[in-house]
Amino acid sequence: MLFNSLDFAIFLPIVFVLYWFVTARNLKLQNLLIVVASYVFYGWWNWRFLSLILFSTLVDYLVGLGLYKQKNPTKRKMLLWISILVNLGFLGYFKYYNFFLDNFIQAFKFFGHSISLRGLNIVLPVGISFYTFQTLSYSIDVYKQNLKPTKDIIAFTAFVSFFPQLVAGPIERATHLLPQFYKERIFKYDKAVNGMRQILWGLFKKIVVADNAAVLANDIFNNSTEYSGSTLLLGALFFTFQIYGDFSGYSDIAIGTSRLFGFDLMQNFNFPYFSRDIAEFWRRWHISLSTWFRDYLYIPLGGSRGGVWKKIRNTFVIFLVSGFWHGANWTFIIWGALNAIYFLPLLLLNKNRVNINTVANGKLLPSIKELLQMTTTFAITVIAWIFFRAESVKHAINYLSGIFSYSLFSVPQFSHIRHGLITLTLIGLFVIIEWLGRNQRFAIEKIPAIQSRYLRWSFYMLIIFSIIIFGGEQQEFIYFQF
Amino acid sequence: MKKFIHNILLFAIIFVSVFLVIIIANYMLVKATEIIIPKHKKVLILGDSNSECAINDSIFNSVVNLSSSSDSYYYSYLKLKKIIDENQIDTLLLSFSPHNIFDNGWLFNESHIYSRFKLYYPLMNYYDFKFLTKNKPIAVFKAVFAVPKQTMTNFFNVLQNKPIRYGGFKLLNRNILSEVQNKLIKGEKLPFFRIPEKLTVSEYEVLYLKKIISLCKNKKIKLILINLPKRKELLNYPRYGVKKFNNFYENYLSDTEFFDFSEIKLPDNYYADFVHLNAKGSAFFSKLLKKQGFKNLKKKFIHSISNQKKQYL
């Protein structure tokens, strides 16, 4: 079920009413309702893949209980490996099997041998990369004794399948989300209204910014050989805003929806395009994944401790794995490598934690230095996104060489020029609102500061009608494919 | 919770009210805006992309083409009602091909309703509206959300003295015959055209076709059904249903004039694809129609598919 669909608009109020009016007095029943709602939500797309979630849930639930009872370190390690193998096994089979097979065949071809192996004709289960990582975090945390495993299978199933964040995150840690399923939920007006506000802003990001930018980015990327450097640059810019609007929009809707049900999810985006260096960007972009890799991969590898080579190795490992997590294609791996290259100088010069606070904190406008820093970070991010969006490495390289040609200085020309101008204007307005709200968890969080209810509601109405009037053609969320 | 529900409901009521105001404002605006056709233009062309791309009305003095891509007879009827109320038309040329009577998807396809409803709902009466909502209530509900954008466009058009666009001649520069040919052989989906799933005559299309016929009769407008040039590969394709289509005409519509130009042989580079003429094709075909004149055409070619073939082969 898509968040930006009529189905969800009907589904959400039904679940909300049942949750607060029918099951509110019984925590177990409330959790059970979440499980049923989540399975309906996921099954709406493809009910057959529900068995995967269920299997993964059962394995991690049993592994958790086993880890708690088991004192023998070898056996505990074995149990952890069962969880890792099952979860990564699913991921490997559905997401990476064909990639490895193709590369295997290519490698043989390179050495003059031709082998014929058949790839799998399978659909990638939506959200598999998200929920497998979430359940893995549970097993690892229980193994490390950071978390006491739960005996409540309904609460655990609800934690794994919680519908707002099931298919595209934020990837929650068991230590943060699971305990919320044990506690009685009390409806709080301010929290619910805040959730509604975040849902609204998420829908704006997705439908107005991302869906409009998607049409233009798709056209330019798909016909990149026909366009001038300036148009290609514009296409890359459109994609840059598409992916941000799409993914952070999804996260906003997920977080907002969770608040309606009394849950708090972690912030997943923190105005990343206002970052002054790439280290800051990665503290603000897809926070739930970055911190997951930091806690479960980077730190166990030694993190930034140790010699220069170890630092370089660990940085590359985390960025390459992060790239590969996004998809089974060399383009994602190069995207990861590129980010590692951007990040390394800061790490080696010990400048990766220079820009911790919000840019131009307490000021309306940034200084010239900050503006230059932001522009540079944004520019190198745009270049990296080209690899992320391109169909192949060759496509990305051709795209880049197309940008850096004499035609970069020509006037951009493409088939949807009017749509392009409208979209650029909308993006401009969006950036202004985001800039003004950059100190908050989402841009319009502090709207209650406007005392007059009528003014506030007029603002909401304006956003709703902007969505209706300027909304682009419905597109699936990009991160569903990951 | 009580406060939350109260505020949500209040907000929803305000939202729906504003929305209704927009819908009504657009309705009134469109009602009040005439489709102005110059007085000397007495021949109207309506239909789908077939006629939209085949007849270049700028070549004629007396012809106006208001066809629009994938317009079913339902929308042609709504358009026709408004046009003849506000203009003096004496002849209507209506695109009439097998896909017009077999393909239900054209009328009830969700995306079609989404793109059409916003433009045509002010032209609907109660029965037309009921017809659509009864058959596709959810699609109509979704399509309502496209109205505010259309309202903005209409307001800007009216402010700039531009007409509200219901259709018009479309110049195609493409020629993808070989690509389409390959797809047809492989049984793949054809670009820019949908072959009917089943050769069942659509009762809904026929209902509105008959409404057009009866409206023309009442208003004393000469109605000519016209089947425009198509590629033989498509005409010979069994699922296109030419034979069944001809039988349908003979059995149910034989008292309505019908020109069948579908089998005219034109050079390959006159086609955009199997069903549409491109710029060259439409120029040639329009000149051909002009040369014959609609009155002469009538005398020569009524029901005379075989004569017509001889004439142009």
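**Exercise 1. Handedness of a helix crossing**

Find the hand of the crossing between α13(A) and α14(A) in this predicted model, then describe how the two helices pack.

*Solution.*
Step 1. Start with the hand: α13(A) and α14(A) cross in a right-handed way.

Step 2. Now add the geometry. Helix α13 of chain A covers residues 330-348 and helix α14 of chain A covers residues 368-389; their axes come within 7 Å and cross at roughly 160°. Angles over 145 degrees count as roughly antiparallel, so α13(A) is roughly antiparallel to α14(A).

Step 3. Look for the residues that meet. From α13(A) come Thr331(A), Phe332(A), Ile334(A), Trp335(A), Leu338(A), Asn339(A) and Tyr342(A), and on the α14(A) side they meet Ile380(A), Ala384(A), Phe387(A) and Phe388(A).

Step 4. Sort them by class: the contact of α13(A) with α14(A) holds nine nonpolar residues, two polar ones and no charged ones.

**Exercise 2. Another partner for α14(A)**

Work out how α9(A) is oriented against α14(A), and which residues the two helices bring together.

*Solution.*
Step 1. Two numbers are needed here, since two packed helices are described by the angle between their axes and the distance between the axes.

Step 2. Helix α9 of chain A (residues 229-260) packs on α14(A) at an angle of about 80°, and the axes are 9 Å apart.

Step 3. The range 65 to 115 degrees counts as roughly perpendicular, and therefore α9(A) and α14(A) are roughly perpendicular to each other.

Step 4. On α9(A), pick out Ala236(A), Leu237(A), Phe239(A), Thr240(A) and Ile243(A); these meet Thr381(A), Val382(A), Trp385(A), Ile386(A) and Arg389(A) of α14(A). The classes in this contact are seven nonpolar, two polar and one charged.

**Exercise 3. A pair of helices earlier in chain A**

Decide how α3(A) and α4(A) run relative to each other, and list the residues in their contact.

*Solution.*
Step 1. Helix α3 of chain A spans residues 50-69 and helix α4 of chain A spans residues 73-110. The two pack at an angle of about 170°, with axes 9 Å apart, so α3(A) is roughly antiparallel to α4(A).

Step 2. The α3(A) side of the contact is Leu52(A), Ser56(A), Val59(A), Asp60(A), Val63(A), Gly66(A) and Leu67(A). The α4(A) side is Arg76(A), Leu79(A), Ile82(A), Ser83(A), Val86(A), Asn87(A) and Phe90(A).

Step 3. By class, the contact of α3(A) with α4(A) has eight nonpolar residues, four polar and two charged.

**Exercise 4. Domains of chain A**

Describe the make-up of chain A, then show where its two assigned domains touch.

*Solution.*
Step 1. Chain A has 17 helices and zero strands. Its radius of gyration is 23 Å, close to the 23 Å from the globule rule for 482 residues, so chain A is as compact as a globular protein of that length. Along the principal axes, the C-alpha atoms of chain A fill a box of roughly 70 × 65 × 45 Å.

Step 2. The domain assignment gives domain 1 (6-186) and domain 2 (190-276 + 355-481). Their C-alpha centres lie 29 Å apart.

Step 3. At the boundary, 17 residues of domain 1 of chain A contact 17 residues of domain 2 of chain A. On the domain 1 side, the elements giving two or more residues are α1 (6-22) and α7 (174-182) of chain A; α1(A) gives the most, with three. That side has 10 nonpolar, five polar and two charged residues.

**Exercise 5. Chain B and its face toward chain A**

Compile a short profile of chain B and of its contact with chain A.

*Solution.*
Step 1. Chain B contains 16 helices and five strands. The radius of gyration of chain B is 21 Å, close to the 20 Å given by the globule rule for 313 residues, so chain B is as compact as a globular protein of that length. Its C-alpha trace spans about 80 × 50 × 40 Å along the principal axes.

Step 2. In the interface, 11 residues of chain B are in contact with 11 residues of chain A. On the chain B side, α1 (2-32) and α9 (147-159) of chain B are the elements giving two or more residues, and α1(B) gives the most, with five.

Step 3. The classes on this side of chain B are eight nonpolar, no polar and three charged residues.

How values were computed. Residues numbered from 1 in each chain as written. Chains lettered and ligands numbered in written order. Predicted model: local features only at pLDDT ≥ 70, side-chain atom pairs only at ≥ 80, totals over all residues. Axes fitted to C-alpha atoms, helices over the stretch in contact; angles between N-to-C directions. Helix = DSSP H or I, 4+ residues; strand = E, 2+ residues; numbered from the N terminus. Parallel < 35°, antiparallel > 145°, perpendicular 65-115°, else oblique. Left-handed = near helix turned anticlockwise from the far one by under 90°. Contact = placed C-beta atoms within 7 Å. Nonpolar A, V, L, I, M, F, W, Y, C, P; charged D, E, K, R; others polar. Domains from an automatic or database assignment. Rg over C-alpha atoms; globule rule 2.2 N^0.38 Å.
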